[in-house]
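Student: I have a new structure open and I'm not sure how to read it. Could you walk me through a few features?

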Amino acid sequence: MTDLKTTFAGLSLRNPIIISSSGLTNSAGKNKKLAEDGAGAIVLKSLFEEQIMLEADQLKDPAFYPEASDYLEEYIREHKLSEYLTLIKESKKVCPIPIIASINCYTDSEWIDFAKMIEEAGADALEINILALQSEVQYTYGSFEQRHIDILRHIKKTIKIPVIMKLGDNLTNPVALIDQLYANGAAAVVLFNRFYQPDINIEKMEHISGEIFSNASDLAIPLRWIGIASAVVDKIDYAASGGVANAESVVKAILAGASTVEVCSAVYLNTNAFIGEANRFLSAWMERKGFKNIAQFKGKLNIKDVQGVNTFERTQFLKYFGKKE
């Protein structure tokens with residue numbers, strides 16, 4: 001009999017399938033169904049700092065006194081926060097699995113008080129997303145990474161529930177940042193957040209949205225970095241995100257060193273049935289390989305010899321692209 005239980009960020013999960021922050025998790029009713037269909041944990045749809053500020057800015061009237069504009073901005077912010085706290089409370093009432101709140105922020109000033117409210121509303125953990133492209137000409141190297149550390153450090157002073165950092169893949173050295181996040185109290189990291197995918201319509205000559213959903217090929221980047229990071233920063237938990245498009249992806253992520261996977265596109269494309277399918281495949285694979293629990297094979301294929309991997313990747317590149325025609 002196989003045991004699919006795992007731990008992530010200090011939370012006990014009945015299986016490694018976490019539903020990631022999205023429209024799938026924006027109501028207590030949807031979350032109740034996800035739990036009934038076998039999810040191990042749920043990350044609530046993110047509250048975006050930029051969205052709050054944008055809505056407040058759009059409603060401002062130049063004719064207003066500055067005090068009126070400030071009042072309007074604060075009202076919108078408080079209204080959004082109140083709605084989010086209600087989502088946490090209602091989801092906790094109907095879901096017997098961990099509920100992880102999620103905030104998407106880009107400054108170090110707005111979220112300290114709200115993090116405390118999230119904890120008081122009953123969230124089991126808090127996932128922090130700091131997703132931004134660094135494109136300033138006068139950019140100071142390392143300042144983006146330092147922003148992660150500063151936001152984490154300040155929030156950790158405020159709350160006791162586990163804090164999870166979801167990173168973008170636009171980092172020079174994720175391993176060094178993960179090590180610093182662990183040193184400053186992060187319980188887990190999620191690799192990686194998915195950026196908006198742009199495209200161009202050449203007939204209309206305008207920007208359009210690219211592919212919305214991830215696919216199996218996107219898993220390569222999380223596999224590489226989870227494999228490398230989990231071998232050297234091994235006291236923090238890892239979740240794979242992006243490219244978990246089929247049941248086999250769950251096994252691959254755990255072999256690389258992940259404790260869990262965050263899924264979104266696979267559920268959108270295959271309905272909640274994907275959750276049960278992935279868990280059944282994982283159980284059958286473990287039984288076939290003689291593993292009784294996840295700890296027995298987690299990280300079995302992590303990457304302890306990074307130099308060896310670099311050599312292997314260069315060799316493979318030359319094998320396929322370096323031959324003379």
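Tutor: Let's go from the whole chain down to single residues. Keep in mind that this is a predicted model.

Student: How many helices and strands does the chain have?

Tutor: There are 11 helices and 13 strands. The chain runs to 325 residues, and 46% of them count as buried. About 17,000 Å² is exposed, with carbon and sulfur atoms supplying 54% of that.

Student: What share of the contacts join residues at least 24 apart?

Tutor: Take the contacts between residues at least 6 apart in sequence: 71% of those join residues at least 24 apart.

Student: And how do I read the inside?

Tutor: The general idea is that nonpolar side chains tend to be buried together in soluble globular proteins. Here, the largest nonpolar core has 81 residues, and the members touching the most others are Ile-19, Ile-118, Leu-126, Ile-128 and Met-165. Helix α8 (residues 247–256) gives this core its largest share, 7 residues. There's also a second, separate core of 13 residues, with Ile-18, Val-43, Ile-164 and Ala-239 among them.

Student: Which residues does Ile-19 touch?

Tutor: Setting aside residues up to four places away in sequence, Ile-19 touches a list including Leu-24, Leu-34, Ile-42, Val-263 and Ile-275.

Student: Now a single helix. Which residues of α4 are buried?

Tutor: In α4, residues 112–121, they are Phe-114, Ala-115, Ile-118, Glu-119 and Ala-121. Look down the axis of α4: these buried residues fall within an arc of 165°, so they line one face of the helix. The face turned away from that buried side carries Asp-113 and Glu-120, both exposed. After α4 comes Gly-122, which has a positive phi, near 110°.

Student: Let's try one residue. Is Ser-230 buried or exposed?

Tutor: Check the relative accessible area: under 20% counts as buried. Ser-230 has 9%, so Ser-230 is buried. You'll find Ser-230 in helix α7 (residues 220–232).

Student: What lies 3.2 Å from a polar atom of the Ser-230 side chain?

Tutor: That's the backbone oxygen of Ala-256. Beyond its neighbours within four places in sequence, Ser-230 is in contact with Trp-225, Tyr-238, Ala-256, Gly-257 and Asn-302.

Student: And where is Ser-82?

Tutor: Ser-82 sits in helix α3 (residues 66–94). With a relative accessible area of 41%, Ser-82 is partly exposed. Its C-alpha atom is 9.5 Å from that of Met-117, a residue 35 places away along the chain.

Notes: Residues numbered from 1 in each chain as written. Predicted model: local features only at pLDDT ≥ 70, side-chain atom pairs only at ≥ 80, totals over all residues. Heavy atoms only, no water. Buried < 20%, exposed > 50% of the residue type's maximum accessible area, 1.4 Å probe, protein only. Helix = DSSP H or I, 4+ residues; strand = E, 2+ residues; numbered from the N terminus. Arc of directions from axis to C-beta. Polar contact = N/O pair within 3.5 Å; in protein donor to acceptor, adjacent residues only side chain to side chain. Contact = heavy atoms within 4.5 Å. Areas by Shrake-Rupley, 256 points an atom, 1.4 Å probe, with all protein chains shown as cover. Core = buried A, V, L, I, M, F, W, Y, C linked by side-chain atoms within 4.5 Å.
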